Amino acid sequence: MADLNEEVGGTNGHVVWTAPETAFMLTHLANLVASGTKTCSGFKKVHLNTCAKAVNEKFRTMKIGEQVKNHLKTQQRKFAKMTKLRKVSATGWDEDNFIITLDEEHYNDYVKV
């Protein structure tokens, strides 16, 4: 019997999302909202499944709605961290690299936490 990691590509069962897949997923969901879909309590299962189907067709993958839901939560957590960081008074923005910057003192304090 093959090693479990070999069967799932060495990812311990976790789905790997590429940057283009993530961008497509977020755009697809944003377009649902823009078209008038009510999402005040989150996306419904049918919307997540439709998004998974669109990702699968475009990128020839085998993702399911639950994986879209989990990846969306991950992206929301990352966005919340970035938003929190941007509110720190000592932050800057590097236009060349498109990254948030901190001076050394504030960075060291932030990393300690």
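Angles between helix axes under 35 degrees count as roughly parallel, over 145 as roughly antiparallel, 65 to 115 as roughly perpendicular and the rest as oblique. This is a predicted model, where local features need pLDDT of at least 70 and side-chain atom pairs count only at pLDDT 80 or more, while totals for chains, interfaces and linings use all residues. Residues are numbered from 1 along each chain as its sequence is written, and side-chain values use heavy atoms, with hydrogens and water left out.

**Exercise 1.** Work out how α2 and α4 are oriented to each other.

*Solution.* Start with the helices, which are DSSP runs (H or I, at least four residues) numbered from the N terminus: take α2 (residues 19-34) and α4 (residues 65-86). Their axes, lines fitted to C-alpha atoms over the stretch in contact, give angles from 0 to 180 degrees between N-to-C directions. Here the angle is about 95 degrees, with the axes 11 Å apart. So α2 and α4 are roughly perpendicular.

**Exercise 2.** Find which residues of α2 meet α4.

*Solution.* Look for contact (heavy atoms within 4.5 Å). On α2 you'll find T22, M25, L26 and L29, and they meet V68, H71, L72 and Q75 in α4.

**Exercise 3.** Find where the buried residues of α2 sit around its axis.

*Solution.* Buried means under 20% relative accessible area and exposed over 50%, with partly exposed in between (1.4 Å probe, protein chains only). The buried ones are E21, T22, M25, H28, L29 and L32. They cover an arc (from the directions from the helix axis to the C-beta atoms) of only 130 degrees, so they're on the same side of α2. A19 and A34, on the other side, are exposed. Cover for the buried residues includes α3 (45-59) and α4.

How values were computed
Helix = DSSP H or I, 4+ residues; strand = E, 2+ residues; numbered from the N terminus.
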